[in-house]
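This report describes a single protein chain, going from its surface to its interior. The sequence and the model are shown first.

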Amino acid sequence: MSNDLHNSPAGESQIIDRPVLNDCWNKIGVMGDRSCTELKNVIHCHECQVFAAVGDSLLERQPPLNYVDEWISVLAETPVDEETQNNETIIKTASAISVMIFRLGNEQLALSAKILQEVTHPCVIQPLPHRSNELFLGLVNIRGETLLCASLSNLLNLESVEENPANTLPINSQRMMVAGHQNEKWVFPVDEVYGIYRFHLNELRDAPVVIAKAAQSYTQGIINWQGKKVNCLDSELLFYTLNSKIL
């Protein structure tokens, strides 16, 4: 870097406003020549501590001038009880719920967005000898954290996509969902993730009596989304069952 940049006021402003990032992944990592010796251990730069530290530094940097004040003004002008019937528009009301809608086999399901930690591409599942089965699939590494991986399809006794020859949905839509509270996290492979949507509490319908009284029922309500019925799962019952059956 030249001395003129250090001595000039403009140069100082550029240094302050534009942090210097160690983007080694673009040079010696997976985006570069792959000469980094750490790749043998972490496999991908996304699992490296350097990559995570750079991400943390971006989140911890000081906001631009007047950034906080501008957002306070925007939120203050938003009516508290504003509602809409469009599922793709955020419902700004205290009587609304946010859910993540996803697909397992031929079923559309939803989990509370409050317990959602992350959605990622499929990862390698490491089975545990004498422990892994159709419900408990094994362990997965999510950004350096080892988490338990379970099959919701098996727990909910759902028909898999492979069992339905008429289903021609693309495989590349598969994802892994990380959900839970604090140290209690689970990873669920799913066939497709549609996104987070908000609904008014009045849109949450009671499950039919036949479903509600079933022994393995985890549905606490049903919502209509894009002309389809979506089963909202009871996350507390879900995690309680997983803990009792696996841990």
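Is W71 buried, partly exposed or exposed? The model is a predicted one. In it, W71 has a relative accessible area of 45%. Buried means under 20% and exposed means over 50%, so W71 counts as partly exposed.

## Surface patch

W71 lies in helix α5, which covers residues 67-76. Together with Y67, V68 and I72, W71 makes a nonpolar surface patch of about 410 Å².

For the protein as a whole, the exposed area is about 16,500 Å², and carbon and sulfur atoms supply 52% of that area.

## Overall make-up

Eight helices and 10 strands are found in the protein. Of its 247 residues, 30% are buried. Among contacts with a separation of 6 or more, 57% are between residues 24 or more positions apart.

## Nonpolar cores

In soluble globular proteins, nonpolar side chains tend to be buried together. Here the largest nonpolar core holds 24 residues, and F102, F188 and L242 have the most contacts inside it. At least two residues of this core come from each of β1 (96-104), β2 (107-112), α6 (152-155), β6 (175-181), β7 (184-190) and α8 (235-246). Helix α8 gives the largest share, four residues.

Leaving aside residues up to four places away in sequence, F188 touches A150, L152, R175, M176, M177, A179, L238, F239 and L242. A second core, separate from this one, has nine residues, including V99, I101, A110 and W225.

## Strand β6 and its partners

Strand β6 is mostly covered, with five of its seven residues buried. Which strands does β6 pair with? One partner is β3 (residues 116-120), joined to β6 in the antiparallel sense over four bridges. In this pairing L116 stands opposite A179 of β6.

The other partner named here is β7, which runs antiparallel to β6 and is joined to it by seven bridges. R175 has V190 in β7 as its bridge partner. β6 and β7 form a hairpin with two residues between the strands, and Q182 in the turn has a positive phi of about 50°.

The hairpin strands also belong to the account of the interior: β6 and β7 each supply at least two residues of the largest core. R175, M176, M177 and A179 are among the residues that F188 touches, and A179 is also the residue of β6 that L116 stands opposite.

Note on methods: Residues are numbered from 1 along each chain as its sequence is written. This is a predicted model: local features need pLDDT of at least 70, side-chain atom pairs count only at pLDDT 80 or more; totals for chains, interfaces and linings use all residues. Side-chain values use heavy atoms; hydrogens and water are left out. A nonpolar core is a set of buried Ala, Val, Leu, Ile, Met, Phe, Trp, Tyr and Cys residues joined through side-chain atoms within 4.5 Å. Buried means under 20% relative accessible area, exposed over 50%, partly exposed in between (1.4 Å probe, protein chains only). Contact means heavy atoms within 4.5 Å. Two strands pair if DSSP finds at least two bridges between them. Patches are made of residues with over 30% relative accessible area and no salt bridge: like charges are joined within 9 Å, nonpolar side chains (Val, Leu, Ile, Met, Phe, Trp, Tyr) within 5 Å. Accessible areas come from the Shrake-Rupley method with a 1.4 Å probe; for residues, only the protein chains shown count as cover. A salt bridge is a side-chain nitrogen of Lys or Arg within 4 Å of a carboxyl oxygen of Asp or Glu.
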